[in-house]
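Work through the exercises below with the sequence and the model side by side, and try each task before reading its solution.

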Amino acid sequence: MNGANAHGLGLVGDIGGTNARFALVDFDGPDPRLIEPTAYKGEDYDTAEDAIEDYLAKVGVKHPDQAVVAVAGPIEHGAVHFTNIDWRLSEDSLRRAGGFRNARLINDFTAQALAAPRLSPKDLRQIGPLPTSGEGDLAIIGPGTGFGAAGMVRRHGCDTPLTTEGGHISFAPVDEIEIEILRGLQAKYGRVSVERILAGPGMEDLHVLLAKIEGRPVEELAAKAITEGAVAGRECCKTTVERFCAILGSTAGDLALALGARGGVFIAGGIAPRIIDLLEASAFRERFEAKGRLSDYVKDIPTHVILHPHTALIGAAVAMTPDGQASIS
């Protein structure tokens with residue numbers, strides 16, 4: 001679209017440790033919708049502002065009314081230093097970069113939480129015996145470049161996201177192998193958070209550590225190669241992905257307990273869709289439900305993988321609406 005000023009248009013963004021995604025939102029029609037969603041590699045830009053300016057130039061839009069950008073990292077005083085990429089972004093610099101009247105940063109998993117209740121069945125893959133009921137509080141987690149977590153409190157028809165940094169809670173091993181994994185990661189990092197395992201770099205460390213623990217030759221592989229090898233049936237990669245899925249199940253169950261997510265746990269991020277058949281066949285759900293005296297509590301909680309590629313953009317668009325309750329297509 002070519003235009004001078006862009007009345008009625010907003011920019012939404014989703015900036016993580018690897019990719020920066022943007023779209024326009026048209027609020028003039030009865031149903032707000034995403035326009036021209038586009039992904040960029042963060043490594044191709046010196047700053048987040050450069051990527052935003054490039055996108056606006058690409059779509060030929062000057063000065064949209066407003067912007068909401070979801071960012072991977074804690075926001076303090078309207079600014080973020082990204083956790084997994086050496087970028088900084090503030091609401092002031094965002095406003096200047098795009099000439100926006102209003103600009104706002106939200107946590108990327110706050111955006112995922114805002115989108116989750118608005119996803120259709122075709123956007124989800126059920127893992128385990130229970131479909132989502134559409135009722136009750138939610139937890140949204142996600143392994144990708146990092147590991148994000150958020151909640152959604154649902155009361156009287158109103159959805160309120162709960163922003164967290166739950167990806168940085170401590171890793172809790174449940175068997176001897178995971179105790180050895182913890183020791184190996186402690187030697188490398190000191191404190192071991194969930195993100196040290198349940199993210200792309202964590203999967204790479206896990207692959208090396210499992211080989212050492214099991215006395216196999218150590219082969220250092222990128223996370224993409226591990227997931228592709230596992231899907232292709234390569235045994236050493238399958239071992240890594242199966243352990244990854246089991247730990248993901250334990251962590252998802254822990255966060256369901258912590259957030260009281262009786263309405264369901266949604267798994268976002270880039271990794272789960274790539275290994276979805278292995279995830280479904282893994283110990284994920286068994287470990288999710290293995291909560292001792294509270295096992296019956298979590299057995300009644302559904303779990304789903306999010307398949308929609310732009311959920312954080314949808315959530316950012318929802319945050320842009322006056323009441324934060326709109327449906328975005």
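The exercises that follow concern a predicted model, and each is solved step by step.

**Exercise 1. Describe the order of the strands in the open sheet, and find which strands lie at its edges.**

Solution. Begin with the order: six strands form this open sheet, running S9-S14-S13-S10-S11-S12, and their pairing is mixed. Next, look for strands that pair on one side only, a condition met by strand S9, residues 124-127, and by strand S12, residues 158-163, which are the edge strands. Finally, consider how the strands are turned: neighbouring strands of this sheet make an angle of 25° with each other on average, when direction is ignored.

**Exercise 2. Determine in which sense S11 and S12 pair, and find the residue of S12 that stands opposite Met152.**

Solution. As background, strands of a sheet pair through backbone hydrogen bonds, in either a parallel or an antiparallel manner. In this model, strand S11, which covers residues 147-155, pairs with S12 in the antiparallel sense, over six bridges. The residue of S12 that stands opposite Met152 is Pro161.

**Exercise 3. Locate Ile35, decide whether Ile35 is buried or exposed, and state how far Ile35 lies from Val25 in sequence and in space.**

Solution. First, Ile35 is placed in strand S3, which spans residues 33-41. Second, the relative accessibility of Ile35 is 9%, and because buried means under 20%, Ile35 counts as buried. Third, Ile35 and Val25 are separated by 10 residues in sequence, while their C-alpha atoms are 5.9 Å apart in space.

**Exercise 4. Take the positions that UniProt lists under "binding site", find which of them line the largest pocket, and examine Ile15 and Gly16 in detail.**

Solution. The record, an unreviewed UniProt entry, lists Gly13, Asp14, Ile15, Gly16, Gly17 and Thr18 under "binding site". From this set, the lining of the largest pocket takes in Asp14, Gly16, Gly17 and Thr18.

Turning to Ile15, the residue lies in strand S1, residues 5-15, and Ile15 is buried, with a relative accessible area of 0%. When neighbours within four places in sequence are left aside, the contacts of Ile15 include Ala20, Phe22, Ala48, Trp87 and Leu89.

Gly16, by comparison, is found in the loop between S1 and strand S2, residues 19-26. The relative accessible area of Gly16 is 19%, and because the cut-off for buried is under 20%, Gly16 is buried. With neighbours within four places in sequence again left aside, Gly16 is in contact with Ala72 and Ile85.

Definitions and conventions
Residues are numbered from 1 along each chain as its sequence is written. This is a predicted model: local features need pLDDT of at least 70, side-chain atom pairs count only at pLDDT 80 or more; totals for chains, interfaces and linings use all residues. Side-chain values use heavy atoms; hydrogens and water are left out. Two strands pair if DSSP finds at least two bridges between them. Helices (H or I, at least four residues) and strands (E, at least two) are DSSP runs, numbered from the N terminus. Axes are lines fitted to C-alpha atoms, for helices over the stretch in contact, and angles run from 0 to 180 degrees between N-to-C directions. Buried means under 20% relative accessible area, exposed over 50%, partly exposed in between (1.4 Å probe, protein chains only). UniProt positions are given in the numbering used here, feature names are shortened, and annotations may be inferred rather than shown by experiment. On a 1 Å grid over the protein atoms alone, a cavity is a set of points where a 1.4 Å probe fits but cannot get out, and a pocket is an open set with protein on both sides within 12 Å along at least five of seven lines; lining residues have an atom within 4 Å of a point. Contact means heavy atoms within 4.5 Å.
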